[in-house]
Amino acid sequence: MANQYEIVVLGGGPGGYVAAIRAAQLGFKTAVIDKDKLGGICLNWGCIPTKSLLKNAEIYDLMKNHSSDFGIKIQGLDFDFERIIKRSREISDRITKNVEILVKKNKVDRIKGFGKLSSKNQIDIFNEEGQKTNSITADNILIATGARPKVLPSIPVDKKRIITSTEAMILPELPKEMIIIGAGAIGVEFAYFYSVLGTRVTIIEMMDTILPIEDREVSETLAKSFKKRGIDIFTKSSVEKAIVKGNKVSVTITSEGQKKELSADIVLNAIGVTGNVEGFGLEELGVELFKNHIKVNKSTYETNIKGIYAIGDVIGPPWLAHVASHEGIHCVEKIKGLRIPDIDYNNIPGCTFCQPQVASIGLTEAKAKEAGYEIKVGKFPFMASGKAFAIGEREGFVKFIFDAKYGEILGVHIIGSEATEMIAEAGLAKSLEATGESIIKTIHAHPTLAESIMEAAAQAYGEAIHI
Amino acid sequence: MDIIMPKMGESVNEGTIIKWHKNKGDAVKRDEVIFEISTDKVDTEIPSPADGVLSEVKFNEGDTVAVGTVVAILNTSGEASTKNKETISEPAHHEEEIKTEYHEVKKQVDETVHAEVVSMPAAAEIKSGSNDLIELTMPKMGESVMEGTIIKWHKKVGDTVKKDETVFEISTDKVDTEVPSPANGVLAQILIGEQETVEVGTVVAKLSVSGTVISKDEIITKTEDLSGSQKKEPVFVKEGIAQPAAMHDNFARTSITEYEEVKAEGSEKSGSNNGSRFLSPLVMNIARKENISFEELEKINGTGLDGRVTKKDILSYIETRSKTKPPQNQSSVEEIKKETPHEQSYEAVKAVPASYTASGVQPVYSSHEVERIPMDNVRQKIMQHMINSRDTSVHVSAMIEADVTRIYRFLKANRDEIQRKQGIKLTYMPFVAHACIKALKEFPLVNATVDGYTIVKKKFINLGIAVAVEPNGLIVPNIKNADEKNIIGLARAINDIAERARTKRLTPDDITNGTFSITNYGIFGTIFGTPIINQPEVAILGVGTVVKKPVVVEVEGVDTIAIKPTMALTLTHDHRLVDGMLGGRFLKSIKDTLESFSENEI
Ligand SMILES: Cc1cc2nc3c(=O)[nH]c(=O)nc-3n(C[C@H](O)[C@H](O)[C@H](O)COP(=O)(O)OP(=O)(O)OC[C@H]3O[C@@H](n4cnc5c(N)ncnc54)[C@H](O)[C@@H]3O)c2cc1C
């Protein structure tokens, strides 16, 4: 039967399309529905386009601020903002096309349109005009509809002056001044990008540091670096209101108890995301929600309704593409009946791609203490790394948090060049339940930044060589 | 000139056009990219084979077409159009890919062929000579011994083995011993790896009497399997078969080697999950800190990948373990009686405190401060036995000094002659043993065992003698029916078991069913000690070194100081059964026997 499937995935983001491919590999007759291009936020309006924008900033930053360190003379250095934006869009375009091919190659039926659950086994498909074009049945439905930027009434997004991350990656011209509300990964990445290109950036964060979920030392190091770049940071500050006045937006904040008036030509709302749970039949079916996200069993990813599953951003934090993908794979493998261990949510790397980069896994020092661990901390600054010196990237450090009793790696925190690439080692070490000793005894190539991981672990045990 | 969808590798039959870099009518230079394709192997850019103008584009982006299909036409102005159909040049890495692919296929084919060529004659040999194979099994080492652990293979597959030469070494809960070969031959196959525990009677290896090396066949068959199917993992198979002798008693390495071994066993062992564990460094750390034995680790249900024991698993095991308090009262007696090694060790280990340091938190040492040595089998067993004894008996020690002047003089005068005539070097031990046996007859309650609320009084005396085995072992074989022997007979018996203990030739019967033990720490110069009872006995006699001491003696009503060779004797007895009075009388009896020694007892 053409319209009958064993698994139908609603939403083709990194959660959905990956789940669909895995399902097909496991022999399920599978379809994936998306109203837009495949790849979801991640490939269209998230990870990939932002990373390509950031590369421009890095190159420009290096040439503008460090070329003389390297003995390179540049005259008339300039950039073409329009081209920078265009490059990012082209990359996104190409990648999503590849995903369409990938999905097809894996014999997954790709259904374009807006999907709506009309029963627990049926999904109706609507075109852009809102007309029903198709109806398919499914033994299992996997919801992967993702999330969208959260909006507050006090900060009315008009997508011109008050914008979200989506508009921030396709601005027609470089803003002179930008206020970024929210200093999570997204806010901080845009802050770096625009500040390097010359925009005067102000960050407003409610918590007491930027990147508040990261280890305190890391956040503070990044804040210092940002301030050096000329980025203004207001922590412990909340936005009362933002009002568009002509070409400007005026923003009223309460900063540590005091009211302040700020103004900029663009305000970026980066306060977080909220699940896409409305308007496609969940309410009618009685799917249980939890703070605007779908509630699932985190072993099977089944909702309260049998046969309906959910994964990715739509089930809540940590809103990360790699988590969405893993949940998708895990979910269909469980449907298949494979015996696999549950996803360990304490072992998920989180990365922020500004410069210096920030990457971490596991518990922060504060969280480890809070959890009652007696800890051992090891730290190694890139300042002491030969490679870092050679490539002119001496900012930052690697920090290990160990459980003093059993030697477990509780957390690894890296700030510095290539931090986001280096965190993979810590992830593997943690998932194989390696200990500090295992890392110290693993030979790391010289000269690499990754040696700093080994040295940081060694430092915790008083065995570091280079500090 | 036709531009066709290029073939991107042997198995690639179609490709998808992802992007046209040139549109219809565009001028194209030679080597300039015209379009990009994606196949299930690679994505690649297709350059133009010549200068020209793209006159026709036949497919859209996203279309998938078969290899060889004309996708566009290039007008190369003039002579080119009349040329034979020319395919566009393939990108450089494409050829390379085909090459590698070819090599891979060829390698596979080579391997298969090789495997067949070599394996056929070998297989034939086995068939023809299959009844020259002798199966070596796990020997039965005593009535109650149901299983044994292979601790070391002394021979590798392919090694020549002489009759009576040691092939492997085993450890049971009673005894460690070396197993000799029943015949001359060549070790053809090893089925059970080091540190694996199997039931008595299990075939552990095969010996070829004619010397046929089926080891080769074994490897080859598996290699063949490999190239034929994906079932088996090459590395494991090869290493597992070829290097069993490289496995040692190291805790960490053991588990990994076992893993390899089990893989090598393949289907025969499937289902049994014994000794097949990868243990993460963290799990090993926790096990070490919490004194969890290898046997226990084996029993923990793993929830990780491939059934691996994770941190969570071991921590929750520790939690439930600490909740199950060691049994008390009558039940403890019953528990202790359990015979199987697993249960015994489990009981014993349960009693191990979570940590030996007072604070409960162990300091963390760096590797240059300490050396961490995994306990070998013997050490683990001694540990378990000691803890078990401590937690079973109520230990009380009493001490007495015996004046051994008479024996001293006798030995001095006769030792050499006895050695010459009887071939035996007489020491104090057989005298003590003899006195002890006499006391045991007099006070049979010391020659008993506690069984719940029942006292089991033994009518036979099997006298245990503690023997230190270098470098760090300890074993207590016993002399059966010791009461039937005289002093010289006891001397011979003691020498015999001590010698066999040191050369690992004891049988399980030698170490079971003892009724009372003697430990002679005097040989190290110790004057007195407080020994631990060898379960399930109820007392042990410690023998101190003989020292000459000034003692006050009464000679014709006058106190004077005399020099006497003196031996301190300690009796540690189980206060559950043997009270102070009995212990005291027992010691006194020994003292009297020793002090009143007369030559005609020999
Ligand atoms: C600016 C930005 C930068 C980011 N950077 C990173 C990063 O560097 N690393 C990282 O890990 N994560 C990053 N993220 C987060 C990441 O993009 C998300 O975690 C990820 O996309 C979630 O995947 P998903 O499959 O759950 O949902 P989504 O990617 O949101 O996909 C959901 C899909 O479902 C479709 N859909 C929804 N409802 C329906 C319906 N009813 N019918 C049909 N289709 C529907 C949508 O069109 C969409 O394609 C970033 C996010 C943003 C906004």
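Trainee: What is the accessible surface of chain B, and what share of it belongs to carbon and sulfur atoms?

Mentor: In this predicted model, the accessible surface of chain B comes to about 30,500 Å², and carbon and sulfur atoms hold 52% of that area. For chain A the value is about 21,100 Å², with 54% on carbon and sulfur atoms.

Trainee: How many residues does each chain have, and what percentage of them counts as buried?

Mentor: A residue is called buried when its relative accessible area is under 20%. By that criterion, 45% of the 602 residues of chain B count as buried, and 52% of the 467 residues of chain A do. Chain B contains 16 helices and 26 strands; chain A contains 14 helices and 24 strands.

Trainee: What percentage of the contacts in chain B joins residues 24 or more positions apart?

Mentor: A contact requires heavy atoms within 4.5 Å. Among contacts in chain B with a separation of 6 or more, 64% are between residues 24 or more positions apart. The corresponding value for chain A is 62%.

Trainee: What makes strand E24 of chain B covered on both faces?

Mentor: Each face must be set against the cut-off of under 20% relative accessible area. In E24(B), residues 516–519, Phe516(B) and Ile518(B) lie on one side and are buried, and Ser517(B) and Thr519(B) on the other side are buried as well. Both faces of the strand are thus covered.

Trainee: Why are E20(B) and E24(B) called a pair?

Mentor: Two strands pair if there are at least two bridges between them. Strand E20 of chain B, residues 463–465, is joined to E24(B) by three bridges in the parallel sense, so the requirement is met. Within this pair, Leu463(B) stands opposite Phe516(B).

Trainee: Which strand is also joined to E24(B) by three bridges?

Mentor: That is strand E25 of chain B, residues 539–555, which runs parallel to E24(B). Here Ser517(B) has Ile540(B) as its bridge partner.

Trainee: Why is helix H14 of chain A described as largely enclosed?

Mentor: Of its 10 residues, 451–460, nine are buried, so the rest of the structure largely encloses the helix. Among the buried ones are Glu451(A), Met454(A), Glu455(A) and Ala460(A). The buried residues of H14(A) pack against strands E22, E23 and E24 and helices H12 and H13 of chain A. Just after the helix, Gly462(A) takes a positive phi of about 70 degrees.

Trainee: How do you know that Asp313(A) makes a polar contact with the ligand?

Mentor: The limit for such a pair of N or O atoms is 3.5 Å. An N or O atom in the side chain of Asp313(A) is 2.8 Å from an oxygen atom of the ligand, so the pair qualifies. The backbone supplies further cases: a polar backbone atom of Pro14(A) is 3.4 Å from a ligand oxygen, and a backbone N or O atom of Leu320(A) is 3.3 Å from one. The protein covers 93% of the 990 Å² of accessible area that the ligand has on its own.

Trainee: Which element gives the largest share of the shell around the ligand, and how do the residues of that shell divide?

Mentor: Helix H2(A) gives the largest share, with four residues. The shell divides into 17 nonpolar, 15 polar and five charged residues. Of the 37 residues around the ligand, those that come nearest are Gly15(A), Asp34(A), Ile41(A), Lys51(A) and Asp313(A).

Technical notes. Residues are numbered from 1 along each chain as its sequence is written. Chains are lettered from A and ligands numbered from 1 in the order in which they are written. This is a predicted model: local features need pLDDT of at least 70, side-chain atom pairs count only at pLDDT 80 or more; totals for chains, interfaces and linings use all residues. Side-chain values use heavy atoms; hydrogens and water are left out. Buried means under 20% relative accessible area, exposed over 50%, partly exposed in between (1.4 Å probe, protein chains only). Helices (H or I, at least four residues) and strands (E, at least two) are DSSP runs, numbered from the N terminus. A residue is near a molecule or strand if one of its heavy atoms lies within 4 Å of it. A polar contact is a pair of N or O atoms within 3.5 Å; within protein, one must be able to donate a hydrogen and the other to accept it, and residues adjacent in sequence count only if both atoms are side-chain atoms. Accessible areas come from the Shrake-Rupley method with a 1.4 Å probe; for residues, only the protein chains shown count as cover. Ala, Val, Leu, Ile, Met, Phe, Trp, Tyr, Cys and Pro count as nonpolar, Asp, Glu, Lys and Arg as charged, and the others, Gly among them, as polar.
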